[in-house]
Amino acid sequence: MDAAQQEATARAQELQRNWYGEPLGTLFRRLIDDLGLNQARLAGVLGLSAPMLSQLMSGQRAKIGNPAVVQRVQLLQDLAGQVADGSVSAAEATERMDEIKKSQGGSVLSNTTQSTSSSGAPTVKRVVREIQSLLRSVAAAGDIIEAADTLAPTHPELAEFLRVYGAGRTSDAVAHYQSHQN
């Protein structure tokens with residue numbers, strides 16, 4: 001990829017961050033992971049072609065043009081949260097995805113919908129993702145690691161936090177959090 005393409009991709013991902021709260025590649029990869037999908041299945045549920053999904057994920061395209069697709073993304077985010085907290089089984093999730101695929105309408109994505117556990121508290125995974133999203137909205141992973149290295153001699157706990165939550169994988173951060181709760 002040449003410099004102009006890289007710049008265009010960075011612009012598109014920044015627009016996605018402004019419009020959807022994070023780059024669509026990040027959002028879609030999380031849905032794929034949380035719901036046990038592949039890209040082709042996600043594209044089918046959303047009502048997108050596989051190439052269009054790929055272009056949105058890679059930043060070749062910035063915007064989801066169809067409001068019904070935007071609403072389906074929101075519905076899948078909600079479903080992923082329910083799967084994560086155990087309130088919806090895998091079999092139920094498959095049925096719900098078929099319903100979502102058929103849904104029409106158009107609302108914008110909102111960050112006000114939080115997945116919660118049965119007690120009403122946000123799930124650990126959701127909280128970790130919010131922390132990651134906040135950290136990554138202000139710095140790239142490499143910059144976060146560099147900051148962690150700078151802080152390590154005087155603030156080792158903060159450095160570890162930045163490495164795990166700012167630059168690490170969600171699953172590793174959740175495991176780190178859970179290991180420190182015992």
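Salt bridges first: the structure, a predicted model, holds 5 of them. Three are worth a look, including one within a helix and one that links distant parts of the chain.

| Salt bridge | Closest N and O atoms |
|---|---|
| Arginine 17 with glutamate 14 | 3.0 Å |
| Glutamate 22 with arginine 30 | 2.4 Å |
| Arginine 41 with aspartate 98 | 3.5 Å |

Take the pair at 3.0 Å, arginine 17 and glutamate 14. Both sit in helix α1, which covers residues 3-20, and because they are 3 residues apart there, about one helical turn separates them. How exposed are the two partners? Arginine 17 is partly exposed, at 25% relative accessibility, and glutamate 14 is partly exposed too, with a relative accessible area of 37%.

Glutamate 22 and arginine 30 bring their side chains together at 2.4 Å, N to O. Are these two buried or exposed? Both glutamate 22 and arginine 30 are buried, meaning that each has under 20% relative accessible area.

Then there's arginine 41 with aspartate 98, with 3.5 Å between the closest N and O atoms. This pair ties helix α3, home of arginine 41, to helix α6, home of aspartate 98, across 57 residues. Arginine 41 comes out partly exposed at 28% relative accessibility, and aspartate 98 is likewise partly exposed at 34%.

Now the overall layout. The protein has 10 helices and 0 strands, so the pattern read along the sequence is simply α-α-α-α-α-α-α-α-α-α. Of its 182 residues, 35% are buried. The accessible surface adds up to about 10200 Å², and carbon and sulfur atoms account for 53% of that area. As for contacts between residues at least 6 apart in sequence, 63% join residues that are at least 24 apart.

What about the nonpolar interior? The largest nonpolar core has 27 residues, and the members touching the most others are Phe28, Leu42, Leu46, Ile64 and Leu76. Helices α2 (24-35), α3 (39-46), α4 (50-58), α5 (67-84) and α6 (90-102) each give two or more residues to this core. Apart from this core lies another one, made of 11 residues, including Val128, Ala148, Ala159 and Leu162.

Which residues does isoleucine 64 touch, leaving out those up to four places away in sequence? Isoleucine 64 meets Tyr20, Leu24, Phe28, Leu56, Val69, Val70 and Val73. One of these, Phe28, is also among the core members that touch the most others.

Terms used: Residues numbered from 1 in each chain as written. Predicted model: local features only at pLDDT ≥ 70, side-chain atom pairs only at ≥ 80, totals over all residues. Heavy atoms only, no water. Helix = DSSP H or I, 4+ residues; strand = E, 2+ residues; numbered from the N terminus. Buried < 20%, exposed > 50% of the residue type's maximum accessible area, 1.4 Å probe, protein only. Contact = heavy atoms within 4.5 Å. Areas by Shrake-Rupley, 256 points an atom, 1.4 Å probe, with all protein chains shown as cover. Core = buried A, V, L, I, M, F, W, Y, C linked by side-chain atoms within 4.5 Å. Salt bridge = Lys/Arg side-chain N within 4 Å of Asp/Glu carboxyl O.
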